[in-house]
Amino acid sequence: MAGKEEMFKSIEGIGDYGDFSADTLHNMAFIESSYGTQGMDIDSTYAGPFQMGRGEFAEFGGSTGSRLDPKEAGKATLKYASKNIKDTGSWKKWGMNQRLDELGIEKGLGAYITHQQGRSGTIDMITSLREGGTLGKKTRENILGNISREEGVNFSELGDKDLVKRFIGQYKSKWKKAGEHTKGLKSKFQSTDSKVFDMVAKYDFKPSVRESISEVTGSYKDYFKGKQGFIPDLWQKKKS
């Protein structure tokens, strides 16, 4: 079992994938496995830092690697997430990106919900909330199986709309808490150079400032080499 620092560095080493940064994986690992300290039995149906199923890992992780490996499982998880929220088919038909945004569900959290509930289950859940329809039996069972207990609340007695509202409220809260945990990990484990370069990538510094930072911290080109979506010489390109 990887320690926290080892796991943090493994996840950071994956880099960005599509619309997702490493922060998405840090948050998911915190919620799903208490950052790799639980659910690490390879014989379980769902296992590893991100609690991937055997079928999903076989499809998105390939024939090698392990669901317990933060890097291999992380790459597979991001590929799976990207496919789940791809704006095509029924996802596009029901305007899921707009609906999630209206509910205050950021893209990373939306992907995490699909990771847990599946693409079709998430569509069922959100459309039921917005359109007032009835949840499919499997979707309702999955929600009841994953929602956290609240004192004095019998979730099985709630109507579909109220159940979905409770579920979304809980997971927005969990995602926020996970984000705070991720910030703490970065503060503890991220190197000084990495912090500076992240700042340089985000803000459009003047050439003289960039040169000074480069002299103090080393070669920014070496740090950003291989980073998806970033061309070192184009300093005007900002990270959103």
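Helices here are DSSP runs of H or I with at least four residues, strands are DSSP runs of E with at least two, and both are numbered from the N terminus.

**Figure 1. The whole chain, with its 13 helices and two strands.** This is a predicted model, so to speak of a local feature we need pLDDT of at least 70, and side-chain atom pairs count only at pLDDT 80 or more, while totals for chains, interfaces and linings use all residues. Residues are numbered from 1 along each chain as its sequence is written, and side-chain values use heavy atoms, with hydrogens and water left out. Of the 240 residues, 42% count as buried (buried is under 20% relative accessible area, exposed is over 50%, and partly exposed is in between, with a 1.4 Å probe and protein chains only). The chain exposes about 13,200 Å², an area from the Shrake-Rupley method with a 1.4 Å probe. Carbon and sulfur atoms supply 47% of that exposed area.

**Figure 2. Helix 7 meets helix 10.** Helix 7 covers residues 107–117, and helix 10 covers residues 160–189. Their axes come within 11 Å and cross at roughly 120° (axes are lines fitted to C-alpha atoms, for helices over the stretch in contact, and angles run from 0 to 180 degrees between N-to-C directions). The pair is therefore oblique: angles under 35 degrees count as roughly parallel, over 145 as roughly antiparallel, 65 to 115 as roughly perpendicular, and the rest as oblique. On the helix 7 side, the contact is made by Gly-108, Leu-109, Tyr-112, Ile-113, Gln-116 and Gln-117; Phe-167, Tyr-171, Lys-172 and Trp-175 do the job for helix 10. Contact means heavy atoms within 4.5 Å.

**Figure 3. Helix 7, tucked in.** Why call helix 7 largely enclosed by the rest of the structure? Because 10 of its 11 residues are buried. Among them are Ala-111, Thr-114 and His-115. Right after helix 7 comes Gly-118, whose phi is positive, near 85°.

**Figure 4. Helix 9 also packs on helix 10.** Helix 9 spans residues 137–146, and its axis lies 11 Å from that of helix 10, at an angle of about 45°. That makes helix 9 oblique to helix 10. Look for Arg-140, Ile-143, Leu-144 and Asn-146 in helix 9, which meet Asp-160, Leu-163, Val-164, Phe-167, Tyr-171 and Lys-174 in helix 10. Phe-167 and Tyr-171 of helix 10 may ring a bell, as they also take part in the contact with helix 7.

**Figure 5. His-181 in helix 10.** Is His-181 buried or exposed? His-181 is buried, because its relative accessible area is 18%. Not counting residues up to four places away in sequence, His-181 touches Lys-4, Phe-30 and Tyr-35.

**Figure 6. Thr-77 in helix 4.** With a relative accessible area of 0%, Thr-77 is buried. Skip the neighbours within four places in sequence, and Thr-77 is in contact with Leu-25, Met-28, Phe-50, Met-52 and His-115. His-115 is one of the buried residues of helix 7.

**Figure 7. Leu-68 in the loop between helix 3 and helix 4.** The loop sits between residues 54–60 (helix 3) and 70–84 (helix 4). Leu-68 is partly exposed, since its relative accessible area is 26%. Beyond its neighbours within four places in sequence, Leu-68 is in contact with Met-40, Ile-42, Ala-47, Gly-48 and Pro-49. Gln-51 is 17 residues from Leu-68 in sequence and 8.8 Å away in space, C-alpha to C-alpha.
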